[in-house]
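Could you take me round this model in my viewer, one selection at a time? I would like to know what to click on next and what I will find there.

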Amino acid sequence: MARFKLYIPLLVFVLLASFLYWGLGRDPNAMPSALVDRPVPFFTLPRLDDERQLITQEVLKGQVTLLNVWATWCFSCRAEHPYLIELAGRGVAIVGLNYKDDGADARAWLAQLGNPYRENIVDRDGSLGLDLGVFGAPETYLVDNEGIIRLKHVGVIDERVWRDKIGPLYESLGDVQTGELR
C-alpha cells in the first residue's frame, strides 16, 4: 500500500496532462449551440432604420441567410465589416442583429462604413441574443430557407472562414445566387 502512494503524483500528473492535451487540441471558436438544426427563436423586434416598424423571425425564411450579430462597440465587428460588404455584393443575404447598442450610433456607423445588411434588427436589451445563446459580437448564424439554424460561428468572418467553414455549407443549402462564393 505504501508503494501505491508513491504513484499517486504520477497518476495525477498524467490525468492533468491528458486534460491539457485534449483542451489544446480543440478549436477555441467552436462554440456548440443547442439551436443548430432548430428554428430561429420567435421574436418581434424593431428595425434599425425605422424603430416603429417591427421585424419577426419570418425575415429569416425563404432564402439561405447569414444572421450576423454586431455592434458599434465591437472592435472585431469593424474588422469583419468589409468582408460582409463583399459577401453581400456577391449575393449573400445577410440580416444584422444590432446587439446591445445605441441605435443612432449604429445608423451612423453603417452610413460611414456601408451597409451589407438586407435588414437590421435592434436587440437593445439582448433578449434575442439570450435566446440564441450569444456570447458576444461578432457571431454569425447560417439559417436555411426554412428558418432553421444550420451553423453557428463565433468570431470574425473572413475569406478563410468563408472558404473553409461557412461557404461550403451555404452552397450545399442551394442558395448560390450570383458570383463565385468560395
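Start by selecting C74 and C77 and showing their side chains. The torsion about the S-S bond of this pair is about 85°, so the disulfide is right-handed. Please keep in mind throughout that you are looking at a predicted model. The sulfur atoms of C74 and C77 lie 2.4 Å apart, and the pair counts as a disulfide because the cut-off is a sulfur separation within 2.5 Å. By that rule the count comes to 1 disulfide.

Now add a surface and look at the two cysteines again. Are they buried or exposed? C74 has a relative accessibility of 5% and counts as buried; C77, at 2%, is buried too. Both get that label because buried means under 20% relative accessible area.

Next, select A137 and P138 and look at the backbone between them. A cis peptide bond joins these two residues, with omega at about -5°. To place P138 in the fold, colour the flanking elements: α4 (127-132) is on one side of its loop and β6 (139-143) on the other.

Two stops with a positive phi come next. Go to D37, which is not a glycine and yet has a phi of about 70°. You will find D37 in the loop that runs between α1 (2-24) and β1 (44-46).

Then move to K100, where phi is about 50°, again positive in a residue that is not a glycine. The loop holding K100 connects β4 (93-99) with α3 (103-113). How accessible is K100? Its relative accessibility is 44%, so K100 counts as partly exposed; the exposed class would need over 50%.

Finally, zoom out and switch to a cartoon view. Which secondary-structure elements does the protein chain have? There are 5 helices and 7 strands. Trace the chain along its sequence and you will meet them in the pattern α-β-β-β-α-β-α-β-α-β-β-α.

With the whole chain in view, try colouring by burial: of its 182 residues, 45% count as buried. Turn the surface back on, and the protein chain exposes about 10,100 Å², with carbon and sulfur atoms supplying 59% of that area.

For a last look, display the contacts. Taking those between residues at least 6 apart in sequence, 69% join residues at least 24 apart.

Definitions and conventions:
Residues numbered from 1 in each chain as written. Predicted model: local features only at pLDDT ≥ 70, side-chain atom pairs only at ≥ 80, totals over all residues. Heavy atoms only, no water. Helix = DSSP H or I, 4+ residues; strand = E, 2+ residues; numbered from the N terminus. Buried < 20%, exposed > 50% of the residue type's maximum accessible area, 1.4 Å probe, protein only. Contact = heavy atoms within 4.5 Å. Areas by Shrake-Rupley, 256 points an atom, 1.4 Å probe, with all protein chains shown as cover.
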